[in-house]
Amino acid sequence: MKREIAIARLIDETILKMGIHSHVRMTEGEKAFINEHFEPMTVKKGEHVVNKGEEVLYLYYLEKGNIKLWFPDKDNREITAKFVEEKEFINFFLSHDTHYAYYNVKALSPCKIWRMEKSKLHDFYDLSFSFNKLARIHLERSIIHKIEREKVFHTLTAEERYRHLLNTERWLLQFFSLKDIASYLGITPQALSNIRKRI
């Protein structure tokens with residue numbers, strides 16, 4: 001019973017953190033569905049939750065730990081696309097059609113994750129207005145974040161990109177290595193080290 005209470009409470013905390021609690025309020029029936037169909041899993045540091053190109057069969061939610069989404073470059077180096085905060089959904093985009101992962105989802109520390117089968121998620125969309133709204137807001141914010149990153153990459157220098165990160169995503173410095181942050185900024189670790197010394 002504690003497990004069921006935990007995931008419902010965690011998603012409520014996520015809604016509160018997103019600042020949308022006045023718009024998205026889960027009913028007891030919706031919470032019961034969540035409690036029944038999410039299951040916990042643990043992932044060791046360095047393991048992948050999902051590998052690029054695999055069929056995605058679950059919606060994932062990160063309760064604890066550090067996650068990054070990455071893809072390989074032509075030399076098979078890890079290019080960081082996104083970091084995931086604790087108490088955040090990892091992959092809300094799950095189409096009805098067969099869906100293959102665009103990124104590797106890697107645990108950078110031991111992680112506790114919850115997952116719901118894709119088929120159950122789509123059943124829930126049919127049942128829950130609140131969860132549909134939560135998914136839509138989450139996807140809207142993800143798209144806005146992606147557009148902002150593209151603008152930053154194409155219009156700012158490396159130093160300006162780092163300053164922008166300090167202003168908008170400073171929390172990353174608490175949890176992720178400078179190597180991963182350099183990859184996220186599209187620069188080498190040495191270039192990031194030089195920028196940090198200058199400012």
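User: Across which strands does helix H3 (residues 118–127) lie, and at what angle does it run to S8?

Analyst: Helix H3 lies across S3 and S8, and runs at about 65° to S8. The model is predicted, so local features need pLDDT of at least 70 and side-chain atom pairs count only at pLDDT 80 or more, while totals for chains, interfaces and linings use all residues. Residues are numbered from 1 along each chain as its sequence is written, and side-chain values use heavy atoms, with hydrogens and water left out. Helices (H or I, at least four residues) and strands (E, at least two) are DSSP runs, numbered from the N terminus.

User: What makes S3 and S8 a strand pair?

Analyst: Two strands pair if DSSP finds at least two bridges between them. Strand S3 (residues 58–64) and strand S8 (residues 111–117) have six bridges in the antiparallel sense, so the criterion is met. Within this pair, Leu59 stands opposite Met116 in S8. Both strands belong to an open sheet of four strands with the order S1-S8-S3-S6.

User: Why are S1 and S6 called edge strands?

Analyst: Strand S1 (38–43) and strand S6 (88–89) each pair on one side only.

User: Why are H2 and H3 described as they are in relative direction?

Analyst: Helix H2 (residues 28–37) lies across S1 and S8. The axes of H2 and H3 come within 11 Å and cross at roughly 175°. Axes are lines fitted to C-alpha atoms, for helices over the stretch in contact, with angles from 0 to 180 degrees between N-to-C directions. Angles under 35 degrees count as roughly parallel, over 145 as roughly antiparallel, 65 to 115 as roughly perpendicular and the rest as oblique. H2 and H3 are therefore roughly antiparallel. Their contact (heavy atoms within 4.5 Å) is made by Glu30, Phe33, Ile34 and His37 of H2 and Lys120, Asp123, Phe124 and Leu127 of H3.

User: Is Leu121 buried or exposed, and what does it touch?

Analyst: Buried means under 20% relative accessible area, exposed over 50%, and partly exposed in between (1.4 Å probe, protein chains only). Leu121, in helix H3, has a value of 0% and is therefore buried. Leaving aside neighbours within four places in sequence, Leu121 is in contact with Leu59, Leu94, Met116 and Phe131. The C-alpha atoms of Leu121 and Leu59 are separated by 7.3 Å, although the residues are 62 apart along the chain.

User: How do His122 and Arg196 count on that scale?

Analyst: His122 has 10% relative accessibility and so counts as buried. Arg196, in helix H8 (residues 189–198), has 35% and therefore counts as partly exposed. Arg196 is in contact with Tyr162, Leu173 and Leu178, leaving aside its neighbours within four places in sequence.

User: What makes the ring pair of Phe33 and Phe124 stacked, and the pair of Tyr61 and Phe89 edge-to-face?

Analyst: Rings of Phe, Tyr and Trp (its six-membered ring) pair if their centres lie within 6.5 Å; planes under 30 degrees apart count as stacked, over 60 as edge-to-face and the rest as tilted. The rings of Phe33 and Phe124 have centres 4.6 Å apart and planes at 5°, so this pair is stacked. Phe33 in helix H2 and Phe124 in helix H3 are 91 residues apart. For Tyr61 and Phe89, the centres are 5.0 Å apart and the planes at 70°, so that pair is edge-to-face. Tyr61 lies in strand S3 and Phe89 in strand S6.
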